[in-house]
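Here's a quick briefing to read alongside the picture. Have a look at the fold below before you dive in.

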Amino acid sequence: MGPGDQSDTPRHADLLEDTFAVRARLDADLSRAGTRRALGYAEPVVDDAIRGQLHDGITFSLPHPLEVEVAERIVSLCPGVEMVRFGKSGSDAVSAAVRAARAITRRDRVVATGYHGWHDWFIGSTTRAAGVPRAICDLTTAVPFGDPHAVEAALALGDVAAIVVEPSGAEIPPPGYLQWLIDTAHLHGTLAVFDEVITGFRLAPGGARQRYGVQPDLSCYGKALGNGMPISAVGGTANTMKVFEEIFYSGTHGGETLSLAAARAVLDTIADGRVLAAIHDLGCRLQQGLQNLVARYGVEAIVRISGEPERTIVSFPGADELIHKSLVQQFLIERGVLFNGSMFISQRHTVLDIGHTLDAFADAFAALSSDADPRALLTGPPVEAVFRRP
Ligand SMILES: Cc1ncc(COP(=O)(O)O)c(C=O)c1O
């Protein structure tokens with residue numbers, strides 16, 4: 001074996017997916033890593049596209065034709081999107097949308113629901129606002145998802161450039177809610193921005209726009225678009241997007257082609273909807289299985305199953321939230337399932353993965369429902385919240 005020969009080295013991707021036989025490997029990664037890929041780790045179609053593009057070159061002085069090809073595919077998949085601009089991260093895309101909305105409306109304030117990345121305008125509205133100037137923090141108002149009164153009250157404060165929402169997250173939108181949000185925003189002269197960084201190219205080829213039949217002013221995409229490669233996009237009608245000629249949204253690696261090649265392969269793979277339909281079916285199986293387990297072990301008061309089948313969320317309401325979450329996490333990791341609250345299905349997960357995962361949850365819920373003090377069962381310190389709303 002030569003120095004560069006790694007044929008005996010297990011691939012990290014294999015350690016995290018599809019592996020059952022080898023102890024100490026993680027059999028099913030349904031955790032946050034899944035947020036960034038719907039097709040799976042080391043997906044051959046995507047890897048081949050990256051390798052092919054590597055031969056052609058990575059970053060150029062002038063835009064590469066791939067930018068147009070990927071943009072055309074996004075436009076054809078996402079209803080109402082006529083034009084897109086690319087970035088490298090979800091935070092890029094959502095911040096670009098906020099800047100566009102501010103430029104269009106000539107207003108400063110933002111109303112936000114959900115998580116939207118690390119940039120000042122959003123993280124300043126959470127408990128992790130250290131380093132963000134007070135003046136920036138004060139411009140963003142957080143409102144809970146699905147609360148029309150909170151939305152109305154925040155918009156009534158005036159000067160709101162954009163309402164930025166994850167169209168579906170821990171809660172599935174009630175019927176008509178997303179259209180109500182768009183219409184209400186418009187009544188106040190505010191732009192509706194959907195953060196589809198998780199839902200895009202996952203809930204349907206055209207994301208939440210397609211699944212819920214709505215067309216916000218701007219939509220932001222990331223994660224699944226590159227299946228692990230750093231690429232994001234913001235899109236809307238040509239009329240809305242023309243403001244990008246005015247604002248500054250540009251970076252050294254904005255037109256980097258390996259990510260664009262990956263995105264083209266992803267979009268071609270999901271375009272006919274079959275891959276995402278299979279992910280949906282598997283997600284339904286997981287979600288239903290979890291609901292059944294919650295009922296079987298009588299843990300309804302302390303375990304909640306919610307969200308879309310593509311991203312089932314297991315949360316732990318109550319004062320002992322983090323203790324219960326830690327215990328479930330501990331049981332799952334011991335059984336080879338990486339879990340961090342959100343459970344993302346990829347194309348590579350199988351019915352066996354779901355069965356194995358449900359077995360692990362059964363053991364965890366049995367422990368939760370037992371008389372034992374959950375703190376005493378923990379083998380280490382409990383997890384802590386990354387941040388909270390103030
Ligand atoms: C809904 C949503 N928006 C925005 C972001 C930020 O994306 P990134 O981490 O790529 O900057 C995330 C990341 O988790 C997200 O889940």
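What follows goes from the whole chain down to a few charged residues.

Keep in mind that this is a predicted model. The protein chain contains 15 helices and 12 strands, and 51% of its 390 residues are buried. There are 14 salt bridges to look for, and we'll zoom in on a few of them.

**Overall shape**

- A compact globule of 390 residues would have a radius of gyration near 21 Å, and the protein chain comes in at 22 Å, so the two agree.
- If you measure the C-alpha trace along its principal axes, you get a span of about 60 × 60 × 40 Å.
- Take the contacts between residues at least 6 apart in sequence: 74% of them join residues at least 24 apart.

**Surface and charge**

- The accessible surface adds up to about 17,400 Å², and carbon and sulfur atoms account for 55% of that.
- On the charge side, you'll find 34 positive and 46 negative side chains.
- The centres of those two sets sit 2 Å apart.

**A bridge between two helices**

- D268 pairs up with R73 in a salt bridge, with the closest N and O atoms 2.7 Å apart.
- D268 belongs to helix α11 (residues 257-270) and R73 to helix α3 (residues 65-77), so this pair ties together parts that are 195 residues apart in sequence.
- Both partners are partly exposed: D268 has 45% relative accessibility, while R73 has 24%.

**One arginine, two glutamates**

- R211 forms a salt bridge with E308, where the closest N and O atoms are 2.6 Å apart.
- E308 is in the loop between β9 (304-306) and β10 (311-315), and R211 is in helix α9 (residues 207-212), so the pair links parts 97 residues apart in sequence.
- R211 also forms a salt bridge with E310, and here the closest N and O atoms are 2.5 Å apart.
- E310 lies in the loop between β9 and β10 too, so its pairing with R211 in helix α9 ties together parts that are 99 residues apart in sequence.
- Since they share partners, these salt bridges join R211, E308 and E310 into one network.
- Which of these residues are buried, and which are partly exposed? E308 is buried at 5% relative accessible area, E310 is buried at 0%, and R211 is partly exposed at 27%.

Key
Residues numbered from 1 in each chain as written. Predicted model: local features only at pLDDT ≥ 70, side-chain atom pairs only at ≥ 80, totals over all residues. Heavy atoms only, no water. Helix = DSSP H or I, 4+ residues; strand = E, 2+ residues; numbered from the N terminus. Rg over C-alpha atoms; globule rule 2.2 N^0.38 Å. Buried < 20%, exposed > 50% of the residue type's maximum accessible area, 1.4 Å probe, protein only. Contact = heavy atoms within 4.5 Å. Areas by Shrake-Rupley, 256 points an atom, 1.4 Å probe, with all protein chains shown as cover. Lys, Arg positive; Asp, Glu negative; His and termini not counted. Charge placed at Lys NZ, Arg CZ, Asp CG, Glu CD. Salt bridge = Lys/Arg side-chain N within 4 Å of Asp/Glu carboxyl O.
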